[in-house]
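Hi everyone, thanks for coming. Let's look at a structure together, and please have it open in front of you as I talk.

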Amino acid sequence: MTNNDIEKDMRYLQLLSNSFPTVAAAATEIINLSAILHLPKSTEHFLADIHGEHQAFQHVLKNASGNIKRKVNEIFGNTLRESDTKEICTLIYYPEQKLEIIKSKEENLDDWYHITLHQLVAILRDVCSKYTRSKVQKSLPEEFSYIIQELLHERTEDNNKAAYVNGIINSIIATQRADNFIIAICNVIQRLSIDQLHILGDIFDRGPGAHIIMDTLKNYHSWDIQWGNHDILWMGASAGNEACICHVIRICLRYANLTTLEEGYGINLVPLATFAMEHYQDDPCTGFEPILLDGTATLDEKQKRLTAMMHKAISVIQFKEEARLFHKYPTWHMENRDIISTVDTERNVCMIDGKEYVMQHATFPTGITLTEEESILMSRLRHSFLVSEKLQKHIREMLSHGCMYAICNGNLLFHASIPLNDDGSLKDVEMIPGKWFKGKDLMHNIGMLVRSAFQQDSDPELRRYARDYFLYLWCGKDSPLFDKSKMSTFERYFIADKETHKEEKGNYFKLREREDIIDSIMDAFGLKGKNRHIINGHVPVHVAKGEKPIKANGKLMVIDGGFSVPYHKETGIAGYTLVYHSRGFQLVQHEPFTSTEDAVVRGTDIKSTTQIIEMANRRMLVADTDKGSELRQQIADLNKLLYAYRHGYIKEREIKK
């Protein structure tokens, strides 16, 4: 270190001295940060494509994808029966509900309390071992913080302390605080089992509880999201994009799932129902009957009929709203997706890419151009989305916690794809008319454009374009969130020829098995080192057909195994989650989750199969992570501050007590 180094950084060092005003304070912080570098790497949890399945999502959070059960087995080994292991794990996942059941059937409750409290403290002690005392302390509930800390740092194996520890536990039981204490400890175990949650897109879609998932995340200690195509669709709807609003409502009606829209966000669909009954009463609405999924509410014939009418009404408006934007922005090269304007209702035909196709049905009660009444309806629906306080709040959460991609600990995270040319090179995409981007720049600038749609001080013209661009992100050929030749919604509804239904996947999906392609993408995003990976979701892995989630010689992990109920038969499983702890990666393959009630009453867990993907030859430490790099830089800065103190560049200040 030279005097020139210090003089160059004097302004920063003066600021740093406000936090560490003495040599002793700076030295103490160096010692503290250096010690943290030698702690084991904390656990990261990766989920993708949750699609509104809130019960399965919440259970996976509570059991940390089996991480908690693994720790229980490691701690107690063969000293617990399988039934006892199930009981203690269920208690940790659902402490309030499980306590009620136990108290109703347990004959010697004090004895159960005594044994269980000792077990929970042992589990918590193991979970806490990766963290500093300071971090653990911040995670503890205030009312029990002191007691928990005492129990964590005193052991019954120490004869001098055994009576002390037992005295604390006896007092907890005697003062009738055992229930509250157990709930507190269980919540802390859940909290510290996972340090960082990564969601690789698609919270929204077919399941009934996207709003519940967002409420859960709002209170979660640390999470980030890489936006998915369905998230972008809802973001576009919340920004007032009429075509996105139509898509959101259409998908909900298709699966007879209005819970998120109506109950979660208070979207008023009465105007749509009234419009549909007036204009589609005599239309058979063939092909628009709701698809009823397992676990959804049953509909009577009148409800099915109304749903089908609303479904067709909003779909027809969607095709008209899309067409308006496709022609408004020729740089999107999507004018050919305006199929509705080519419909000949007398001959029952339409044109697709210059070829005429016979339609299964071509009844359009409101015609093939947007009517004034449809425009008025869309204004009312748009208003309902814009004034939904809860929806707007949840979208702000997604904006503050996410973007299009993230790089964390040598892993590149994104939802779907990176647009590529036929040869695998990064593809230039005209994102804004006249402005082309590719790879990392494309992902970054899309993220910036998305944010501008919600910023009141954005340039009005840019804000309008950003709002419209949500539709391209949802279904545009070169969108990193879609990356297909087309979205064949119109064809699937109206044309029998299944050749027209095919959506050709983009080059990323065609080439992602190749290690050199994955390496070139990681190079372009600046990932270094041998142990680097891409992790994404979006396309369900068809396990039933033999497809593997690990590709490109282990460098790409695709963790969409089909959380959503409609995918279960298609994929053969009910989702993947990925756990990255100090010993390496573990991919967890889940079977369908039954219900929270089953989990509490019968102790049923999600049956999971764990695959060890990549294990480190030594236990990874904080020093091996991005956080470690930050800490080393902080240590270097503090050493400069020490030099400045000791050589008179900065004077120590007395700490006021």
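One term before we start: I'll call a residue buried if it has under 20% relative accessible area, exposed if over 50%, and partly exposed in between, using a 1.4 Å probe and protein chains only. Please keep in mind that this is a predicted model, where local features need pLDDT of at least 70 and side-chain atom pairs count only at pLDDT 80 or more, while totals for chains, interfaces and linings use all residues. Residues are numbered from 1 along each chain as its sequence is written, and side-chain values use heavy atoms, with hydrogens and water left out.

Let's begin with the cysteines. How many disulfides does a search of the whole structure find? Zero, where a disulfide means a pair of cysteine sulfur atoms within 2.5 Å. Take Cys 285: its closest cysteine sulfur, in Cys 246, is 16 Å away, so that is too far for a bond. Cys 285 counts as buried because its relative accessibility is 0%. Cys 350 has its closest cysteine sulfur in Cys 475, at 17 Å, again too far for a bond. Cys 350 is buried too, with a relative accessible area of 1%.

Cys 246 brings us to helix H15, residues 242–254. Helices here are DSSP runs of H or I with at least four residues, strands are E runs of at least two, and both are numbered from the N terminus. Is H15 mostly covered or mostly open? Mostly covered: twelve of its 13 residues are buried, including Cys 244, Cys 246 and Cys 252. At its N-terminal end, Asn 241 acts as a cap, with a side-chain oxygen 3.0 Å from the backbone nitrogen of Ala 243. Just after the helix, Ala 256 takes a positive phi of about 50°.

Now for some strands. Strand E2, residues 196–199, is covered on both faces: Gln 196 and His 198 are buried on one side, Leu 197 and Ile 199 on the other. E2 pairs with strand E1 (residues 44–47) in the parallel sense over four bridges; pairing means that DSSP finds at least two bridges between two strands. E2 also pairs in the parallel sense with strand E3 (residues 223–226), over three bridges. Leu 197 is the bridge partner of His 45 and also stands opposite Trp 223 in E3.

Last stop: Asn 32, in helix H3, residues 23–36. Asn 32 counts as partly exposed because its relative accessibility is 35%. Its C-alpha is 9.6 Å from that of Ile 635, a residue 603 positions away along the chain. Thanks for listening!

Definitions and conventions. Expected span 1.5 Å × (residues − 1). Polar contact = N/O pair within 3.5 Å; in protein donor to acceptor, adjacent residues only side chain to side chain.
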